[in-house]
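Work through the exercises below with the sequence and the structure open. Each task is followed by a solution in steps.

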Amino acid sequence: MDTVFIEGLEVDTVIGAYDWERSIRQCLRLDLQLGWDNRPAADGDDLTLALDYASVSQRIQAFATESQFLLVETFAERLAALLMAEFNIPWLRLKLHKPGAVPAASSVGVEIERGCR
């Protein structure tokens, strides 16, 4: 299994449990590792067989724009399920950062891994 990665993707969304968080958009930063077999695309230099990281990034942006969750855990779980289903990704690791959530930390968040490598 090969890995296609997207690092430092920033999205704005409504996220948080406090009342004040429900009325603003906050930035999340995402790092993704996506399991993919790159050999078919590479063998024929065929873009249609590659995992299109630009399309994946655009879908993540759209998901974030449409979403409103209390928990970063929920955001991560729903996003992982969506990406696996829509792009036929067999395995992924998603690290979600919520910068500024804890003033003394540069970032906090969650990291999940789903599927089979």
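**Exercise 1.** Find which strands H3 lies across in this predicted model, and state its angle to E5.

Solution. Step 1: locate helix H3 at residues 72-87. Step 2: list the strands that H3 lies across, namely E1, E2, E3, E4 and E5. Step 3: compare directions; H3 runs at about 30 degrees to E5.

**Exercise 2.** Give the strand order of the sheet and name its edge strands.

Solution. Step 1: read the order of the five strands, E3-E1-E2-E4-E5, in an open sheet with mixed pairing. Step 2: look for strands that pair on one side only; these edge strands are E3 (68-69) and E5. Step 3: add helix H2, which packs on the sheet and touches E1, E2 and E3. The direction of H2 makes about 20 degrees with that of E1.

**Exercise 3.** Describe the pairing of E1 with E2.

Solution. Step 1: determine the sense, which is antiparallel, over 10 bridges. Step 2: take one bridge as an example; threonine 13 has glutamine 26, in E2, as its partner.

**Exercise 4.** Determine which elements build the largest nonpolar core, and which gives the most.

Solution. Step 1: note that this core has 31 residues. Step 2: pick out the members that touch the most others: Leu30, Leu34, Ile60, Phe75, Leu79 and Leu83. Step 3: assign the elements; E1, E2, H2, H3, E4 and E5 each give two or more residues. Step 4: rank them; H3 gives the most, with nine residues. Step 5: inspect one member; leucine 34 touches residues including Val4, Ile6, Val56, Ile89 and Trp91.

Definitions and conventions:
Residues numbered from 1 in each chain as written. Predicted model: local features only at pLDDT ≥ 70, side-chain atom pairs only at ≥ 80, totals over all residues. Heavy atoms only, no water. Core = buried A, V, L, I, M, F, W, Y, C linked by side-chain atoms within 4.5 Å. Buried < 20%, exposed > 50% of the residue type's maximum accessible area, 1.4 Å probe, protein only. Helix = DSSP H or I, 4+ residues; strand = E, 2+ residues; numbered from the N terminus. Contact = heavy atoms within 4.5 Å. Pairing = 2+ DSSP bridges. Axes fitted to C-alpha atoms, helices over the stretch in contact; angles between N-to-C directions. Lists of a residue's contacts leave out its neighbours within four places in sequence.
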